[in-house]
Amino acid sequence: MSDLLERLRARGWRMTSQRRVVAEVLDGEHVHLTADEVHARAVERLPEIARATVYNTLGELVTLGEVVELSTDGRAKRYDPNARHPHQHLVCTECGTIRDVRPAGDPLAVLPDSERYGFTVSKVDVTYRGLCPACSV
């Protein structure tokens with residue numbers, strides 16, 4: 001059973017066959033699928049699953065905080081099930097591949113007090129950009 005499925009069961013989330021398939025499709029490391037990619041993979045497992053059901057389920061998972069919705073450079077939104085482990089993203093500027101990364105150090109510490117303008121900073125989102133090995137050839 002996936003980490004996401006375990007978390008959803010622990011929350012008492014009603015586990016229909018459609019919801020289970022969406023959660024199973026999102027399982028794994030470095031998973032950053034678009035809604036259409038989730039739907040295509042879900043259809044392979046459950047042919048009758050509707051696109052609207054996938055979109056609604058993704059929306060519920062985002063609202064629950066179990067999946068993070070990513071938007072990079074105007075591309076289609078992607079869904080990251082790695083919502084429980086702090087990380088940043090490395091994005092290929094050519095093909096859009098996204099990898100989870102965990103840089104050393106505290107990103108909050110990099111912002112000096114003089115640049116905080118009185119804000120109490122609670123979260124930092126850093127996106128690293130470059131070319132993946134396949135695109136840099």
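Select Arg 78 and Glu 37: their side chains meet in a salt bridge, with N to O at 3.2 Å. This pair links distant parts of the chain, since Arg 78 sits in strand β3 (residues 78-80) and Glu 37 in helix α3, 41 residues apart. Keep in mind that the model is predicted.

Now colour the two by accessibility. Is Arg 78 buried or exposed? Arg 78 has a relative accessible area of 18%, and buried means under 20%, so Arg 78 is buried. Glu 37 has 31% relative accessibility; that lies between the 20% and 50% limits, so Glu 37 counts as partly exposed.

**Next stop: Arg 7 and Glu 66**

Select Arg 7 and Glu 66. Their side chains form a salt bridge, 2.5 Å from N to O. Here too the pair links distant parts of the chain. Arg 7 belongs to helix α1 (residues 3-10). Glu 66 is in the loop between α4 (51-64) and β2 (68-70). The two are 59 residues apart. Both Arg 7 and Glu 66 are buried.

Widen the selection. Which residues are linked with Arg 7 and Glu 66 in a network of salt bridges? Add Asp 3, Arg 11 and Arg 84 to see the network. Across the model, the count comes to 11 salt bridges. Side chains of opposite charge can pair when their charged atoms come close.

**Next stop: Glu 24 and Arg 45**

Select Glu 24 and Arg 45. They form a salt bridge, and their closest N and O atoms are 3.3 Å apart. Glu 24 is in helix α2 (residues 17-25) and Arg 45 is in helix α3 (residues 35-45), so the salt bridge ties together parts 21 residues apart in sequence. Glu 24 is partly exposed, at 27% relative accessible area.

**Next stop: α2 against α3**

Show both helices as cartoons. Two packed helices are described by the angle between their axes and the distance between the axes. How far apart are the axes of α2 and α3? They are 9 Å apart, and the helices pack at an angle of about 120°. That angle is neither in the 65 to 115 range nor over 145, so α2 and α3 are oblique to each other. Their crossing is right-handed.

Turn on side chains at the contact. From α2, pick Val 21, Val 22, Glu 24 and Val 25. From α3, pick Val 38, Arg 41, Ala 42 and Arg 45. By class, the contact of α2 with α3 has 5 nonpolar, no polar and 3 charged residues.

**Next stop: α3 against α4**

Keep α3 and add α4. The axes of α3 and α4 come within 9 Å and cross at roughly 120°. That makes α3 oblique to α4. The crossing of α3 past α4 is right-handed.

Which residues of α3 meet α4? Select Ala 35, Asp 36, Val 38 and His 39 in α3. Opposite them in the contact, select Arg 51, Val 54, Tyr 55 and Leu 58 in α4. The contact of α3 with α4 has 5 nonpolar, 1 polar and 2 charged residues by class. Val 38 of α3 takes part here, and Val 38 also takes part in the contact with α2.

**Last stop: Asp 106**

Where is Asp 106? Look in the loop between β5 (98-101) and β6 (127-130). Asp 106 counts as partly exposed, at 46% relative accessibility. Finally, draw a distance from Asp 106 to Thr 16, C-alpha to C-alpha: the two are 40 Å apart in space and 90 residues apart in sequence.

Key: Residues numbered from 1 in each chain as written. Predicted model: local features only at pLDDT ≥ 70, side-chain atom pairs only at ≥ 80, totals over all residues. Heavy atoms only, no water. Salt bridge = Lys/Arg side-chain N within 4 Å of Asp/Glu carboxyl O. Helix = DSSP H or I, 4+ residues; strand = E, 2+ residues; numbered from the N terminus. Buried < 20%, exposed > 50% of the residue type's maximum accessible area, 1.4 Å probe, protein only. Axes fitted to C-alpha atoms, helices over the stretch in contact; angles between N-to-C directions. Parallel < 35°, antiparallel > 145°, perpendicular 65-115°, else oblique. Left-handed = near helix turned anticlockwise from the far one by under 90°. Contact = heavy atoms within 4.5 Å. Nonpolar A, V, L, I, M, F, W, Y, C, P; charged D, E, K, R; others polar.
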